[in-house]
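User: Hello! I am new to protein structures and would like to learn what the words in a description rest on. Could we go through this one together?

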Amino acid sequence: MAITSANQLELLQTAEAVAREKMIDPELVIQAMEDSLARAAKSRYGADMDIRVSIDRKTGVAAFTRVRTVVDEEELENYHAQLTVEQAKPYLEDPKLGDEIIDRVPPVELGRIAAQSAKQVILQRVREAERDRQYEEFKDRAGTILNGVVKREEYGNIIVDVGRGEAVLRRNEKIGRESYRNGDRIRCYVKDVRREARGPQIFLSRTAPEFMAELFKMEVPEIYDGIIEIKAVARDPGSRAKIGVISYDSGIDPVGACVGMRGSRVQAVVNELQGEKIDIIPWTEDQATFLVNALQPAEVSKVVIDEEAGKIEVVVPDEQLSLAIGRRGQNVRLASQLTGLDIDILTESEESARRQAEFALRTKLFIDELDIDEMMAQLLVAEEFTSLEEVAYVDLDELLTIDGFDEETAQELQTRARERLEAVAAAALESARALGVEESLIEFEGLTPQMVEALAKDGIKTLEDFATCADWELAGGWTTVDGERVKDEGLLESFDMSLEEAQHLVMTARVLLGWVDPSELEPEAAEDDDAEQDDAELEGEAH
């Protein structure tokens with residue numbers, strides 16, 4: 001195919017037609033043509049040649065040029081496309097590094113193979129430009145709802161035509177067993193838009209919690225305007241969902257606004273989600289109150305929160321247990337997702353039995369350790385005394401408030417408790433020394449003899465051993481394994497040691513051993529002092 005005046009004019013017309021069809025810039029198509037013609041010319045004149053093609057944007061005339069660049073003699077590698085300063089002097093008056101010598105070369109005639117190659121280059125560049133355009137168009141659509149038309153199904157995945165591109169709704173992102181036929185209209189949530197080798201991949205979802213939130217935003221004007229906010233969503237797609245909402249206008253009921261007149265608003269969302277039942281719950285910062293609401297329709301008798309462990313215990317009436325748990329654990333699972341807490345559900349009878357077992361255990365502790373009768377031990381437990389340390393070191397007046405306790409009885413109890421604690425400490429110290437614990441660890445301030453004995457049983461017998469411990473090894477903690485929170489038992493956790501206390505003890509040991517420079521810790525201490533001072537000033541202003 002020779003480039004004649006006829007097909008020169010066709011170049012521009014073809015470029016514009018392709019650009020219009022693919023909705024890209026005509027300039028990109030012309031640049032692709034220039035590259036393809038240059039590649040074809042190189043196959044004619046030599047691959048080492050630097051052949052460039054420029055198409056006139058008005059006439060379509062293609063100009064073929066050979067370019068040679070002036071380089072340093074040491075960098076000369078390609079004699080067909082490069083030359084030194086000396087070699088360039090016959091062509092340029094004052095050649096400098098980087099100068100180019102441009103010579104016109106005759107246009108090439110494209111053979112069948114060269115024409116096919118040029119076509120492939122153009123198509124490839126056009127596809128790349130089309131992908132870039134699609135990515136730029138859809139990258140900002142992530143997190144929104146998209147309407148499309150089902151194009152085809154591939155291995156259970158739905159390919160959706162979204163206008164200027166295609167998106168994929170994966171099999172696991174569909175609700176239940178819903179199926180679609182070619183041409184069906186579909187509404188999905190844009191979960192992600194990624195630039196990949198095959199072009200921008202638009203991933204859709206109908207199971208994402210955000211899909212429900214966006215649907216409510218479309219149906220409830222107050223949410224769109226920011227008067228009502230969706231704080232949390234938990235879904236069992238196609239079956240049941242819970243959504244927590246809060247109103248920033250005291251005159252607007254968030255639940256009522258989301259339900260709508262005769263349930264019209266929530267019903268529109270339910271219909272879109274294939275009949276998924278939705279519980280709309282008023283959100284509150286108080287975790288216990290929010291959880292009670294989240295477990296609806298079950299009634300809750302009591303809530304006990306363990307913030308450190310991120311767990312929560314809920315006590316329900318015996319007859320409400322199955323309702324609180326829900327079918328296959330659905331109700332409690334959704335409530336757990338909504339609150340972000342692990343929820344343990346107990347019946348009132350189970351909680352009562354546990355309380356009685358704890359009461360009996362503590363009563364026996366006081367009977368055995370203090371050598372008192374059952375009645376007196378039960379009085380101590382009833383007043384929420386849980387350990388010998390509390391009895392031994394509590395203010396005497398607190399013991400005197402117990403019915404039947406006079407000053408002599410209270411003093412005798414404290415004396416017995418202290419003597420027992422001293423005996424236990426002495427036995428623990430003797431055991432620790434027998435296990436080979438060094439005096440440096442025994443004398444370390446902050447560790448009781450019982451703690452030293454517990455450490456020794458785990459092989460920690462010197463101050464150096466102790467200084468290598470991590471805070472969580474001592475105080476315990478929680479880790480997430482396969483999506484579930486797992487408890488790590490700490491060596492000193494039974495002594496109610498917190499992570500902060502463990503960290504302080506370990507750092508103190510490292511300073512004593514010379515492993516850490518105390519001055520490095522001073523800035524942190526100063527920041528803490530400043531914070532405490534600021535808090536004190538604020539309290540003073542408040543008063």
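User: Which order do the strands have in the open sheet of three strands with mixed pairing that includes strand 14?

Analyst: Happy to help! The order is 13-14-15. This is a predicted model, where local features need pLDDT of at least 70 and side-chain atom pairs count only at pLDDT 80 or more, while totals for chains, interfaces and linings use all residues. Residues are numbered from 1 along each chain as its sequence is written, and side-chain values use heavy atoms, leaving out hydrogens and water. Helices (H or I, at least four residues) and strands (E, at least two) are DSSP runs, numbered from the N terminus.

User: Why do strand 13 and strand 15 stand at the edges?

Analyst: Two strands pair if DSSP finds at least two bridges between them. Strand 13 (302-306) and strand 15 (342-347) each have a single partner strand, so one side of each is left without a neighbour in the sheet. From one strand to the next, the twist averages 20°.

User: What makes strand 14 and strand 15 a pair?

Analyst: Six bridges join strand 14 (residues 311-316) to strand 15 in the parallel sense, and the cut-off is at least two. Within strand 15, Leu346 is the residue opposite Val315. In general, strands of a sheet pair through backbone hydrogen bonds, either parallel or antiparallel.

User: Which helix packs on this sheet, touching strand 13, strand 14 and strand 15?

Analyst: That is helix 9, whose direction makes about 125° with that of strand 13. Axes are lines fitted to C-alpha atoms, for helices over the stretch in contact, and angles run from 0 to 180 degrees between N-to-C directions.

User: Where is Thr339, and why is Thr339 called buried?

Analyst: Thr339 sits in helix 11. Buried means under 20% relative accessible area, exposed means over 50%, and partly exposed is in between (1.4 Å probe, protein chains only). Thr339 has 17% relative accessibility, so Thr339 counts as buried.

User: What does Thr339 touch beyond its neighbours within four places in sequence?

Analyst: Thr339 is in contact with Phe290 and Leu291, where contact means heavy atoms within 4.5 Å. A polar atom of the Thr339 side chain also lies 2.9 Å from the backbone oxygen of Ala335.

User: Ser336 is in helix 11 too. Is Ser336 buried or exposed?

Analyst: Its relative accessible area is 19%, so Ser336 is buried. Not counting residues up to four places away in sequence, Ser336 touches Leu341, Asp342 and Ile343.

User: And why is Asp488 called partly exposed?

Analyst: Asp488 has a relative accessible area of 22%, so Asp488 falls in the class called partly exposed. Asp488 lies in strand 17 (residues 484-488). Its C-alpha atom is 5.2 Å from that of Gly477, eleven residues apart along the chain.

User: How do you know that helix 16 and helix 18 are roughly parallel?

Analyst: The axes of helix 16 (residues 407-434) and helix 18 (residues 449-457) come within 8 Å and cross at roughly 30°. Angles under 35 degrees count as roughly parallel, over 145 as roughly antiparallel, 65 to 115 as roughly perpendicular and the rest as oblique. Helix 16 and helix 18 are therefore roughly parallel to each other. Residues making the contact include Val424 and Ala428 of helix 16, and Pro449 and Val452 of helix 18.

Key
Polar contact = N/O pair within 3.5 Å; in protein donor to acceptor, adjacent residues only side chain to side chain.
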